Amino acid sequence: MTDTIAARLAELGHTLPQPAAPVAAYVPTVLAGGLLHVSGQLPFVGGALVTGRLGHDVSVEQGYAAAQACGLMLLAQVKAALGSLDRVERVVKLGAFINSTGDFTDQPKVANGASDLMVAAFGDAGRHARSAVGVPTLPLGAAVEIDAVFAVSAA
Amino acid sequence: MTDTIAARLAELGHTLPQPAAPVAAYVPTVLAGGLLHVSGQLPFVGGALVTGRLGHDVSVEQGYAAAQACGLMLLAQVKAALGSLDRVERVVKLGAFINSTGDFTDQPKVANGASDLMVAAFGDAGRHARSAVGVPTLPLGAAVEIDAVFAVSAA
Amino acid sequence: MTDTIAARLAELGHTLPQPAAPVAAYVPTVLAGGLLHVSGQLPFVGGALVTGRLGHDVSVEQGYAAAQACGLMLLAQVKAALGSLDRVERVVKLGAFINSTGDFTDQPKVANGASDLMVAAFGDAGRHARSAVGVPTLPLGAAVEIDAVFAVSAA
């Protein structure tokens, strides 16, 4: 199946990871009413989970890279679900949860790692609504977790 | 109205609770475009709210039971809104917020209490997307809060 | 373009703020499948961001006002996107994140600031599903962040 978006990502130097199996009793994606809901994804770089907390042992730059890794995993899940990223009509919403100390307030700069990736991949169709909040802890100690909603065309 | 799903839950030993009134100025469910959005539900067991924090005074097993109680309340709200759980075509998304200490990282094991319930109730149609994150505190001191989106058939 | 909802808000003494530019690489709203997803909005009162933490240096009353300010900003974004608030068919969901100390558990009373505003603006169509949770920190130190989904009619 043609996938011009995946090809563009490859040109930009991004490799889609192997889609991670859910940590628990759920599935990576559900398509309903033209909207693909994607489970919260954790950041894997080189196969290793990026753990830690912004404001403590993870810098904004490292957090940005972690959010980008979450974004790549979101796209890997979308591709696994749809066959091709070309079926994405719009990135609708990202929900970014940033593992943060109580005095860290740069969640938007961290979440941009995923947001910039979506725009790089899809252009204007990658421009999305977003929330970004701090949380005190995440599954497996991950630094970032991001879930998403995509609008997709019929198969 | 026939409700084979509620009957299946009863066979499994689950009783749907009385749907809780919202704690505040909102409603339990809104149906729009075939998607039923359900407000975040708190865990009531035997009519009492399950309070506390994972990593401190709530064990993973107790947290799992609390998440299951949130799931039962979600289903009670859906049944109150739709008349029958048989109108649920798919559990689309659960958003699980786990009251956690900063070093608790087993949010997925806790959230499974709700996820396993959905699969027990609906089978494959119960398989859903999910996010699960830690939070430092929840309304009324609840141990878990879970909101949801369900795809439903026309009345 | 006629906007009876904005007029009603004005009668109630509410002024819609200038819609805030996103803090980062995303957009305020995305419309897909009849649902308008609105990015998480921060509370600006008189042009100044309301910062601080419930349970520490922000009272429930101040938090309520902050949540109302988030709600006004949500509506300002909806109006900027749609031209008129009259195109809103239903407020579907609010997601409220309340900057909280670990022992603050009145998130619902805070989030009511936005919920009450929606009902004041839209009447029954303003009654929405909601989640409200505590978080340890928010972008720029904001006291509250709220995102939303609205069902809207065709243009």
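**Stop 1: the helix pair of chain B**

Select α2(B) and α3(B) and look down on their crossing: it is right-handed. This is a predicted model. Helix α2 covers residues 60-82 of chain B and helix α3 covers residues 107-122. Their axes lie 6 Å apart, at an angle of about 40 degrees. That angle makes α2(B) oblique to α3(B).

Now show side chains. From α2(B), pick V60(B), G63(B), Y64(B), A65(B), A66(B), A67(B), Q68(B), C70(B), G71(B), L72(B) and L75(B). They meet K109(B), V110(B), A111(B), N112(B), G113(B), A114(B), L117(B), M118(B) and A121(B) in α3(B). Colour this contact by class: 14 residues are nonpolar, 5 polar and 1 charged.

**Stop 2: the helix pair of chain A**

Move to α2 (residues 60-82) and α3 (residues 107-122) of chain A. The two axes come within 6 Å and cross at roughly 45 degrees. α2(A) is therefore oblique to α3(A). The crossing is right-handed. Residues to pick on the α2(A) side include Y64(A), Q68(A) and L72(A); on the α3(A) side, K109(A), N112(A) and L117(A) are among those in the contact. The class count for this contact of α2(A) with α3(A) is 14 nonpolar, 5 polar and 1 charged.

**Stop 3: the sheet of chain C**

Hide chains A and B. In chain C, select β1, β2, β7, β5 and β6, in that order across the sheet. They form an open sheet of 5 strands with mixed pairing. Which strands are at the edge? They are β1 (29-32) and β6 (129-135) of chain C, each pairing on one side only. From one strand to the next, the twist averages 15 degrees.

Zoom in on β2 (residues 35-41) and β7 (residues 144-152) of chain C. They pair in the antiparallel sense, over 5 bridges. Strands of a sheet pair through backbone hydrogen bonds, either parallel or antiparallel. Find H37(C), then its bridge partner in β7(C), V149(C).

Bring back the helices of chain C. Helix α2 (residues 60-82) lies across β1, β2, β5 (88-99) and β7 of chain C. It runs at about 40 degrees to β7(C). Helix α3 (residues 107-122) lies across β5, β6 and β7 of chain C, at about 160 degrees to β5(C).

**Stop 4: where the chains meet**

Show chains A and B together. 24 residues of chain A are in contact with 30 residues of chain B. On the chain A side, β1 (29-32), β2 (35-41), β5 (88-99) and β7 (144-152) each supply at least two residues. Which strand gives the most? It is β2(A), with 4 residues. This side of chain A divides into 14 nonpolar, 8 polar and 2 charged residues.

Next, show chains B and C. Here 24 residues of chain B touch 30 residues of chain C. β1, β2, β5 and β7 of chain B each supply at least two residues of the chain B side. The largest share, 4 residues, comes from β2(B). By class, that side has 14 nonpolar, 8 polar and 2 charged residues.

**Stop 5: the axis**

Superpose chain A on chain B. The operation is a rotation of 120 degrees with 0.0 Å of shift along its axis, and the RMSD is 0.0 Å. This is the relation of a three-fold axis. To find the axis from chain A, select V135(A): its C-alpha is the nearest in chain A, 3.3 Å from the axis. Finally, compare the interface residues of the two copies. Only 12% of those in chain A are also interface residues in chain B, so the copies meet through different surfaces.

Key. Residues numbered from 1 in each chain as written. Chains lettered and ligands numbered in written order. Predicted model: local features only at pLDDT ≥ 70, side-chain atom pairs only at ≥ 80, totals over all residues. Axes fitted to C-alpha atoms, helices over the stretch in contact; angles between N-to-C directions. Parallel < 35°, antiparallel > 145°, perpendicular 65-115°, else oblique. Left-handed = near helix turned anticlockwise from the far one by under 90°. Contact = placed C-beta atoms within 7 Å. Nonpolar A, V, L, I, M, F, W, Y, C, P; charged D, E, K, R; others polar. Least-squares fit on C-alpha atoms with pLDDT ≥ 70 in both. Pairing = 2+ DSSP bridges.
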